[in-house]
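Visitor: I am new to this protein. Could you walk me through it and tell me how each label is earned?

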Amino acid sequence: MKPPTGASDRRLPPRRALAAWLPVLLATAAFTPGATAQVPGRPEAKRLAKEQREGVVIEKGAGWLVLRLPRESATLWQVVPAADAKIQVVGPASRAMLAPRQFIRVAVTLDDTGKVTAPVDKVTFPGVGTPAVLAPGLGIDGGARRVPGRRAPGLYTVNGIVREVDGDTVTVVVGKERFVFTVPADAELVVDTPMLAIVDKDDAVEVEGTYVEVGQLLASEIKVTLSKPLTPPDPKARAAKR
């Protein structure tokens, strides 16, 4: 289907036409918050207005999104994250996501032998991360510290890969350690990841960034809220792409 044209309905150009983004990238790279001087010969970059920052996903691709901003508007924006953009995708996850090879984050209570003593009430799917066992941090920064080997009884955060799921019993592996715990049917399953690949049409979005031309935005912050629970990729669809 031939994509529509016009300032209010655009699509991201194919890779061979990405040179059209060069003026945007040059202008926004030179943009400094609070600066009053403009680099000679370069178009002036503008910040996206506050009332335009909430919208909806219309289309996605490899490293780009097409958004309707604001939600009630007919204007479509082609959005590319800046290299240092802050990206967050949040929302519910389906029970089917709790499967082998998934990377998850859970808070667990360990006894003096390292066994989990209570069911887990929340499972987070971060998509990426480093397997580790973390204890609450010290000081005002709220950070966490890694605690390898034998640990004192208490509350810990386990970041690891699911090895096995047997009903409500889940086994997670962190290095050579195994943690076995129960995830009840009413446990909260959520997504909190920087991976835009899971975004889908009609997901809500909040975005900040700069632009030279209306409709082309270089984003400094993107937050997407999933409109429906995340499910695992369809194996048939994955095989068809090979």
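Guide: Happily; we will go from the whole chain to its strands, cores and salt bridges. Keep in mind that this is a predicted model.

Visitor: What makes up the chain, in helices and strands?

Guide: The chain has 2 helices and 14 strands. Its accessible surface is about 14,400 Å², and 54% of that belongs to carbon and sulfur atoms. Of the 242 residues, 35% count as buried.

Visitor: How confident is the predictor in the chain?

Guide: The mean pLDDT is 83, and 74% of the residues reach 70 or more. Over residues 1–19 the pLDDT is below 50, and this stretch has 27 contacts in the model beyond near neighbours in sequence. Residues 138–142 also have a pLDDT below 50, with 0 contacts of that kind.

Visitor: How many of the contacts join residues at least 24 apart?

Guide: Among contacts between residues at least 6 apart in sequence, 62% do.

Visitor: Which strands are paired with strand 4, and how do you know that they pair?

Guide: A pair needs at least two bridges. Strand 4 (residues 76–92) has 4 bridges with strand 3 (residues 64–68), in the antiparallel sense. With strand 14 (residues 216–225) strand 4 has 9 bridges, and those two run parallel. With strand 12 (residues 188–193) strand 4 has 4 bridges, antiparallel. Each of these counts meets the cut-off of two, so they are called pairs.

Visitor: Which residues stand opposite each other there?

Guide: R68 stands opposite L76 in strand 4. K86 faces E221 in strand 14, and V90 stands opposite D192 in strand 12.

Visitor: What other strand is joined to strand 12 in the parallel sense?

Guide: Strand 6 (residues 122–125) is, through 4 bridges. In this pairing, F125 has V191 of strand 12 as its bridge partner.

Visitor: Which residues touch the most other members of the largest nonpolar core?

Guide: That core holds 44 residues, and V123, F181, V207 and I222 touch the most other members. Leaving out residues up to four places away in sequence, V123 touches L98, I104, R105, V106, V183, E188, L189 and V190. Apart from the largest core lies another one of 5 residues, among them V56, I58, V66 and L76.

Visitor: Why might nonpolar residues gather like this?

Guide: In soluble globular proteins, nonpolar side chains tend to be buried together.

Visitor: How many salt bridges does the structure hold?

Guide: There are 4 salt bridges.

Visitor: Why is the meeting of E177 and R151 called a salt bridge?

Guide: The cut-off is 4 Å between nitrogen and oxygen. The N to O distance for E177 and R151 is 2.7 Å, which is within that limit, so the pair counts. E177 lies in strand 11 (residues 177–182), and R151 is in the loop between strand 8 (144–146) and strand 9 (154–166), so the salt bridge ties together parts that are 26 residues apart in sequence.

Visitor: Why are E177 and R151 put in separate exposure classes?

Guide: Buried means under 20% relative accessible area, and exposed means over 50%. R151 is at 11%, so R151 counts as buried. E177 has 28%, which falls in between, so E177 is partly exposed.

Visitor: Where in the chain do the partners E208 and R53 lie?

Guide: Their side chains meet in a salt bridge at 4.0 Å, N to O. E208 is in strand 13 (residues 204–211), while R53 is in the loop between strand 1 (46–47) and strand 2 (54–61), 155 residues apart. E208 has 29% relative accessibility and counts as partly exposed; R53, with 24%, is partly exposed too.

Visitor: What joins K228 and D200?

Guide: Their side chains meet in a salt bridge of 3.9 Å, N to O. K228 sits in the loop between strand 14 and helix 2 (235–241), and D200 in the loop between strand 12 and strand 13, 28 residues apart.

Visitor: What makes D200 partly exposed?

Guide: The relative accessible area of D200 is 36%. That value is neither under 20% nor over 50%, so D200 is called partly exposed.

Methods
Residues are numbered from 1 along each chain as its sequence is written. This is a predicted model: local features need pLDDT of at least 70, side-chain atom pairs count only at pLDDT 80 or more; totals for chains, interfaces and linings use all residues. Side-chain values use heavy atoms; hydrogens and water are left out. Buried means under 20% relative accessible area, exposed over 50%, partly exposed in between (1.4 Å probe, protein chains only). Contact means heavy atoms within 4.5 Å. Accessible areas come from the Shrake-Rupley method with a 1.4 Å probe; for residues, only the protein chains shown count as cover. A nonpolar core is a set of buried Ala, Val, Leu, Ile, Met, Phe, Trp, Tyr and Cys residues joined through side-chain atoms within 4.5 Å. pLDDT is the predictor's confidence in each residue, from 0 to 100.
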